[in-house]
Amino acid sequence: MEKQTKIDQLSTVPQNGSGRLMEISQLNRGGTTEMILAQVQSPAIEEAFIVRPAAMADVEEAVELFDACSITMIGKTEANLNEVRVEWLLPEFELESATRVVLTPAGKLVGYIEVWDIDDMPVRIWVWGRVHPDYEGLGIGTYLMEWAEQRARQAIDRVDDDLRVVMQS
């Protein structure tokens with residue numbers, strides 16, 4: 001089975017005057033490492049974004065993002081800084097492998113996704129994400145969901161062959 005490791009680097013490559021979101025991946029095949037550059041399917045994107053795992057230093061800005069989305073969707077804030085901090089600090093939840101944030105070149109957090117597969121037998125994988133309302137329609141949400149799907153597939157190896165794994169968002 002091939003093991004693919006993402007390199008968390010996203011850059012804009014000009015094409016006909018507009019940028020395209022590009023992802024660089026590293027694929028390990030039997031000890032041989034190949035670099036893969038693939039275009040992420042998204043509308044024309046005129047600025048580069050930085051994609052990386054969330055870090056505890058991001059928690060306040062992440063809550064601000066969650067609240068901006070809540071205000072747009074339901075007219076009020078819902079996120080609680082202490083609750084998010086507690087979730088991120090759970091020993092079985094690894095920010096490095098279970099989350100991704102999207103930042104503008106200026107460092108503004110505009111996208112977030114998390115994958116919860118912490119059960120011993122992760123047959124139901126929970127995925128939750130947000131894109132800042134001002135950045136919707138740029139392909140950020142699509143990119144994050146594609147990452148989450150690939151990340152969720154890693155749980156299949158931990159489930160008995162006769163069981164079905166479901167990704168729920």
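**The β5–β6 hairpin and residue E114**

In the hairpin formed by β5 and β6, five residues lie between the strands, and G107 adopts a positive phi near 95 degrees. Strands here are DSSP runs of E with at least two residues, numbered from the N terminus. The model is predicted: local features need pLDDT of at least 70, side-chain atom pairs count only at pLDDT 80 or more, and totals for chains, interfaces and linings use all residues. Residues are numbered from 1 along each chain as its sequence is written, and side-chain values use heavy atoms, with hydrogens and water left out.

The two strands of the hairpin pair in the antiparallel sense over five bridges; pairing requires that DSSP find at least two bridges between the strands. L103 of β5 stands opposite L109 in β6. Strand β4 (residues 50-52) also runs antiparallel to β5, joined to it by three bridges, and there I50 stands opposite L103.

In β5 (residues 99-103), five of five residues are buried, that is, under 20% relative accessible area with a 1.4 Å probe, protein chains only. In a regular strand, side chains alternate between the two faces of the sheet. T99, V101 and L103 point one way from β5, whereas R100 and V102 point the other way.

Strand β6 (residues 109-116) contains E114. E114 is buried but has no salt bridge, and the nearest side chain of opposite charge, R130, is 9.1 Å away; a salt bridge would place a side-chain nitrogen of Lys or Arg within 4 Å of a carboxyl oxygen of Asp or Glu. Beyond its neighbours within four places in sequence, E114 is in contact (heavy atoms within 4.5 Å) with residues including T99, W126 and W128.

Conventions
Helices (H or I, at least four residues) and strands (E, at least two) are DSSP runs, numbered from the N terminus. Buried means under 20% relative accessible area, exposed over 50%, partly exposed in between (1.4 Å probe, protein chains only). Lys and Arg count as positive and Asp and Glu as negative; His and the chain ends are not counted.
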